[in-house]
Amino acid sequence: MSIPHLIMSASTVVQLVMLILVIGSILSWIVIFQRTFVMRRARHAHQLFEERFWSGVDLNELYRDTPSEQETQGAEQVFRAGFREFNRLMPKTKSPDAILDGVQRSMRVAWSREEERLSLHLVFLATVASASPYIGLFGTVWGIMGSFQALSLTQQATLTTVAPWIAEALIATAMGLFAAIPAVIFYNRLSAESSRLLGKYEDFAEEFHSILHRNLQGRSEAGTA
């Protein structure tokens, strides 16, 4: 009645269920560690960039010092996209509204890419969290069916006859919960962290848009004078 013995002696269907749950659990932990590292790095990068941005550094200098588009992330990526579009439109049009609309569209695209990057593989965690209990329940139902079949083939129903089938059925249920519980906990945690970071990126985009708006107003007033 040891757990390894029950797993090895389980029916093929129940063993397949257990294998699926083990693979799902391993993959979900890989996603958990990888996404946790990505969130921590994104949080640290955002903090460093905001400190530099609000330190009073010249925006042109900040733009020149930012890495390439493939190496930036978060608010730095939003800033790079918006300021690049700002510099591109400035010589082409004198309309502040057209310039600001172009900047806002570029920052929105950059924000969407960051949303996709931060939420990568979180759907897999949600799938494991929602599907694992049902997969385990399927193994449980199959094990109970086996116990009833074993009962029908014996003259006298004893605990020894049905106990292995019921035990392997309960192991399948336990493995389903073992895969689902960490997945749902970390899915909620990582989704909340992703939403917080995306909210900070959106706030930065609004503040940067306001800065460019004031900049254009100042130039317009200076040109009128």
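**Glutamate 85 and its surroundings**

Glutamate 85 counts as buried in the predicted model, because its relative accessibility is 15% and the limit for burial is 20%. This glutamate belongs to helix α4. When residues up to four places away in sequence are set aside, glutamate 85 touches Gly102, Val103 and Ser106. Each of these three partners is listed among the buried residues of α5. The contacts of glutamate 85 with Gly102, Val103 and Ser106 therefore join a buried residue of α4 to buried residues of α5.

The protein chain holds 7 helices and 0 strands, and its elements follow the order α-α-α-α-α-α-α from the N terminus on. Of the 225 residues in the chain, 40% are buried. Among contacts with a separation of 6 or more, 79% are between residues 24 or more positions apart.

Helix α4 covers residues 75-89. Its 15 residues reach 21 Å from the first C-alpha to the last, close to the 21 Å expected at 1.5 Å a residue. The helix is mostly covered, with 12 of the 15 residues buried. Besides Glu85, the buried set includes the aromatic residues Phe79, Phe83 and Phe86. Ala75, Glu76, Gln77 and Val78 are also buried, as are Arg80, Ala81, Gly82 and Leu89.

Helix α5 runs over residues 96-118. The end C-alpha atoms of α5 are 33 Å apart, which agrees with the span of 33 Å that its 23 residues should have at 1.5 Å a residue. Buried positions in α5 include Ile99, Leu100, Met107, Ala110, Glu114 and Leu118, in addition to the three residues touched by glutamate 85. Serine 112 is also placed in α5, but this residue counts as partly exposed because its relative accessibility is 36%, between the limits of 20% and 50%. The C-alpha atom of serine 112 lies 9.2 Å from that of leucine 198, although the two residues are 86 positions apart in sequence.

The loop between α5 and α6 contains histidine 121. This residue has a positive phi of about 70° although it is not a glycine. Histidine 121 is partly exposed, since its relative accessible area is 42%.

Helix α6 spans residues 122-152 and includes serine 132. With a relative accessible area of 5%, serine 132 is buried. A polar atom of the serine 132 side chain is 2.7 Å from the backbone oxygen of valine 128. Valine 128 precedes serine 132 by four places, and in general residues three or four places apart in an α-helix point the same way, because the helix has 3.6 residues a turn. Leaving aside neighbours within four places in sequence, the contact list of serine 132 names Leu21, Gly176, Ala179 and Ala180, together with Thr127. Of these, Leu21 falls within the residue range of α2 (12-53), whereas Gly176, Ala179 and Ala180 fall within that of α7 (159-224).

The largest pocket encloses about 180 Å³ of space. Its lining consists of Gln104, Met107, Arg108, Trp111, Glu202, Ala205, Glu206 and His209. The elements that each supply two or more of these residues are α5 and α7. By residue class, the lining of the pocket divides into 3 nonpolar, 2 polar and 3 charged residues. Met107, one of the lining residues, is also among the buried residues of α5.

The count of cavities of 30 Å³ or more comes to 1. About 40 Å³ of space lies in the largest cavity, whose lining is formed by Ala42, Ala45, His46, Phe49, Gln73, Gly74, Ala75, Glu76 and Tyr201. Two or more residues of this lining come from each of α2 (12-53) and α4, and α2 gives the largest share, with 4 residues. The lining of the cavity is made up of 5 nonpolar, 3 polar and 1 charged residues. Ala75 and Glu76, both part of this lining, are among the buried residues of α4.

Note on methods: Residues numbered from 1 in each chain as written. Predicted model: local features only at pLDDT ≥ 70, side-chain atom pairs only at ≥ 80, totals over all residues. Heavy atoms only, no water. Expected span 1.5 Å × (residues − 1). Buried < 20%, exposed > 50% of the residue type's maximum accessible area, 1.4 Å probe, protein only. 1 Å grid on protein atoms, 1.4 Å probe; cavity = no way out; pocket = protein on both sides within 12 Å on 5 of 7 lines; lining within 4 Å. Points joined across faces, edges and corners; volume = space filled by probe spheres on them. Nonpolar A, V, L, I, M, F, W, Y, C, P; charged D, E, K, R; others polar. Polar contact = N/O pair within 3.5 Å; in protein donor to acceptor, adjacent residues only side chain to side chain. Contact = heavy atoms within 4.5 Å.
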